[in-house]
Amino acid sequence: MLSYPAIDPVAVSFGPVRLHWYGVMYIAAFLVAWLLGRCRAARPGSGWSSDQVDDLVTWAMLGVVLGARFGYVLLYDRETYLADPLEIFRVWNGGMSFHGGLAGVLIIALGWSLVHKKRFLDVTDFIAPLVPPGLLFGRLGNFINGELWGKVTTVEWGMVFPGAGDLARHPTQLYEAGLEGLVLFVILWFYSRRHRPLGAVSGLFAVLYALFRMTVEFFRVPDPQLGYLLYGWVTMGQLLCLPLLLVGLLLLARASHEKNDPSRNKVVLDDGSVVWIKRR
């Protein structure tokens, strides 16, 4: 059994102003996403400029924060926030939903693509590899807060979390940080280094995230206000991942068909983007 490193959730205090580690993790997530986006845009033939990256990441930050917060409120804990609406603004206490944040980013991506006249899936393919580091930082924030722990276990790396009793539990926050953050990032970053059919990178992100999240949910204690939703083992997180998994599979199937269709030619445009043109 490992000792849980009790870390003060407040990173820095300036008189009455306190900066929590949870907030620091979000700042780090956006900074890394911006830097990675700049790196992707700098690749020859990327079709993206640094100014476009700056603009998109700025708007995406807003979509993530609003979507993640309101997604959690609506999907996970409406009663608490109805009883104390001001709790919505206390983001340092945790309570952010990935699926809500994803919805917020997709809405921003759709609006941004229309304004800048880029295809929606081109935008999502570009930003998909930028997301996993944010998931890594977010799960580390959960770990520091001592929340979202796992089920009781006898594995050597089990930890006793404050407020979770005296028995060791799976550190599922670290499982998710490793899978949804590090592993997913490495796969997507190298996969996206070559031109891929439209939607392929987005589809791979959706499929892998859904599989990783659904797997870790088997080891994680469900949110106490919800519990298991079906059959005594299905969680809200798993249910929300099912449509994500389906969409990802459809995008990969579409991309595979486009790539292997002998009646289509791959054409690289002047801006570096790839289109597949049907031969007549």
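1. A residue is called buried here when its relative accessible area is under 20%. By that cut-off, buried residues make up 46% of the 280 residues in this protein. Please keep in mind as you read on that the model is a predicted one.

2. Let's start with the overall layout. The protein has 9 helices and 4 strands, and their order along the sequence is β-β-α-α-α-α-α-α-α-α-α-β-β. The radius of gyration is 20 Å, close to the 19 Å that the globule rule gives for 280 residues, so the protein is as compact as a globular protein of that length. If you would like dimensions to go with the view above, the C-alpha trace spans about 70 × 45 × 35 Å along its principal axes.

3. How much of the contact network links residues 24 or more positions apart? Among contacts with a separation of 6 or more, such pairs account for 64%.

4. Now to the inside. The largest nonpolar core has 19 residues, and the members that touch the most others are Phe 98, Leu 184, Leu 188, Phe 205, Tyr 209 and Leu 244. Two or more residues of this core come from each of helix H4 (98-116), helix H7 (172-191), helix H8 (200-217) and helix H9 (236-260). Helix H8 gives the most, with 10 residues.

5. Leu 244 is a nice residue to click on if you want to look around this core. Leaving aside residues up to four places away in sequence, Leu 244 touches Phe 98, Leu 102, Ala 206 and Tyr 209. Apart from this core lies another one, made of 16 residues, including Ala 41, Leu 56, Val 123 and Phe 126.

6. Helix H5 (residues 120-127) deserves a look of its own. Is this helix mostly covered or mostly open? Mostly covered: 6 of its 8 residues are buried. The buried ones are Leu 121, Val 123, Thr 124, Asp 125, Phe 126 and Ile 127. Two of these names, Val 123 and Phe 126, also belong to the core of 16 residues.

7. What covers the buried residues of H5? The cover includes helix H1 (21-41), helix H2 (50-75), H4, H8 and H9. Among these, H4, H8 and H9 also give residues to the largest nonpolar core.

8. Last, the outside and the charges. The protein exposes about 14,700 Å², and carbon and sulfur atoms supply 69% of that area. Its side chains include 25 positive and 21 negative ones. The centres of the two charge sets lie 10 Å apart.

Technical notes:
Residues are numbered from 1 along each chain as its sequence is written. This is a predicted model: local features need pLDDT of at least 70, side-chain atom pairs count only at pLDDT 80 or more; totals for chains, interfaces and linings use all residues. Side-chain values use heavy atoms; hydrogens and water are left out. A nonpolar core is a set of buried Ala, Val, Leu, Ile, Met, Phe, Trp, Tyr and Cys residues joined through side-chain atoms within 4.5 Å. Buried means under 20% relative accessible area, exposed over 50%, partly exposed in between (1.4 Å probe, protein chains only). Contact means heavy atoms within 4.5 Å. The radius of gyration is taken over C-alpha atoms; the globule rule is 2.2 Å times the number of residues to the power 0.38. Accessible areas come from the Shrake-Rupley method with a 1.4 Å probe; for residues, only the protein chains shown count as cover. Lys and Arg count as positive and Asp and Glu as negative; His and the chain ends are not counted. The place of a charge is taken as NZ of Lys, CZ of Arg, CG of Asp or CD of Glu.
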